[in-house]
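Visitor: I should like to discuss the ligand site and the nonpolar core of this model. May we begin with the terms required?

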Amino acid sequence: MTPSPHPSLYVAPSLDTALDALAERGAEGAPFAGGTWIMRAPIRHERLRPAYVGLGRIPELTRIEVGDSHVSIGAGVTHARLAEALADAPDLQVLAEAAGRSANPAVRRAATLGGNLCTSGFAAADLVPALLCLDAEVEIRSREGTERLALKEFLSIRQSLHPSLLLTRILVPRSPARSAHARLPLRKAGDYPTAIVSLAVTSDDDGRVAQARIAVGSVEAVARRWTRLEAALAGAPLDAGTAHRLATELAGEFTGRDGVEAPGWYRVSVLPALVRRAVAALH
Ligand SMILES: Cc1cc2nc3c(=O)[nH]c(=O)nc-3n(C[C@H](O)[C@H](O)[C@H](O)COP(=O)(O)OP(=O)(O)OC[C@H]3O[C@@H](n4cnc5c(N)ncnc54)[C@H](O)[C@@H]3O)c2cc1C
């Protein structure tokens, strides 16, 4: 496909002007956040949109509010800022690690949380499984109003979302859980991860799992919770060996996607080791 040679870029000064500009442009337009996915469209042999609406100057989108019951993160927050802001919260460690170890430092300074969640063609997104295991919700804005929905639901509809809608913020409930993010890049730092396991676990006084929330990314086209492993771990001792054994028994439910960097079977075969690594990191 021939890319459009000169797309236009309107940098919106506020959320309302961005929503108006997107509504005017309709299917010809799209939001432009960090641009790290959009700018690589020619490499993927995809067409650029004729018109983009830049989100980088909208103050609301760059806010992070860390409260006792919730964390609210603007969709325009970069991976680098997210990693820094959440570094000291044990329940949110999974998200801090996902943001702090994705891509490379230059990309982390530009790529945003909203861009990571809205890119439906990007199976290896680190922030998606991290937020799934944290039971995150997303807030979507249009000129007509604001809607909040579970991230899982958002992932199931994001491909068909109208281009005039904006993801504005992500809400993450706080919990007594400890959490960790394990990813396997194939060759070197900066590669997309072949497979990702994100987990958040609460344990009882005897060191047994009270509740486990586990999400798998990059193995299938869209990240998802591993609910059968969550159920198998409930009541089991919280140790890496037990988690590895149960993950080995259950990994067959995944159908890995074939890609240039790894075949599908390989992505599935590394899952038990990633589960082991993530559980070990909780200690
Ligand atoms: C070399 C390289 C390596 C990378 N490695 C990793 C990695 O290991 N892990 C990882 O997680 N990421 C990685 N990334 C980043 C990832 O691939 C995407 O480029 C990034 O998540 C996109 O974010 P962005 O802010 O740049 O989005 P943009 O490129 O600006 O936009 C991407 C898409 O999202 C839409 N969009 C953006 N914001 C919104 C919004 N608020 N509401 C509605 N739609 C919106 C845009 O219209 C567009 O369709 C890497 C990137 C590069 C270049």
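Guide: A polar contact is a pair of N or O atoms within 3.5 Å. The model discussed here is predicted.

Visitor: Which side chain has an N or O atom 2.7 Å from a nitrogen atom of the ligand?

Guide: A polar contact requires N or O atoms within 3.5 Å. At 2.7 Å from a nitrogen atom of the ligand, an N or O atom of the side chain in question meets that limit. The residue is aspartate 126.

Visitor: How much of the ligand's accessible area does the protein cover?

Guide: On its own, the ligand has 970 Å² of accessible area. The share of this area covered by the protein is 91%.

Visitor: Which element supplies the largest share of the shell around the ligand?

Guide: The ligand is surrounded by 35 residues, with Pro31, Ala33, Thr36, Thr112 and Asp126 the closest. At least two residues of the shell come from each of β2 (29-32), α5 (113-118) and β8 (166-173). The largest share is four residues, and the element that provides it is α5.

Visitor: How many residues of the shell around the ligand are nonpolar?

Guide: Eleven residues of the shell are polar and four are charged. The number of nonpolar residues is 20.

Visitor: Which residues touch the most other members of the largest nonpolar core?

Guide: The largest nonpolar core has 41 residues. Elements that each supply at least two of them include α5 and α6 (127-132). Domain 2 (59-173) and domain 3 (186-282) each contribute at least three residues to this core. The members that touch the most others are Leu117 and Leu131.

Note on methods:
Residues are numbered from 1 along each chain as its sequence is written. This is a predicted model: local features need pLDDT of at least 70, side-chain atom pairs count only at pLDDT 80 or more; totals for chains, interfaces and linings use all residues. Side-chain values use heavy atoms; hydrogens and water are left out. A residue is near a molecule or strand if one of its heavy atoms lies within 4 Å of it. A polar contact is a pair of N or O atoms within 3.5 Å; within protein, one must be able to donate a hydrogen and the other to accept it, and residues adjacent in sequence count only if both atoms are side-chain atoms. Accessible areas come from the Shrake-Rupley method with a 1.4 Å probe; for residues, only the protein chains shown count as cover. Ala, Val, Leu, Ile, Met, Phe, Trp, Tyr, Cys and Pro count as nonpolar, Asp, Glu, Lys and Arg as charged, and the others, Gly among them, as polar. A nonpolar core is a set of buried Ala, Val, Leu, Ile, Met, Phe, Trp, Tyr and Cys residues joined through side-chain atoms within 4.5 Å. Buried means under 20% relative accessible area, exposed over 50%, partly exposed in between (1.4 Å probe, protein chains only). Domain bounds come from an automatic or database domain assignment.
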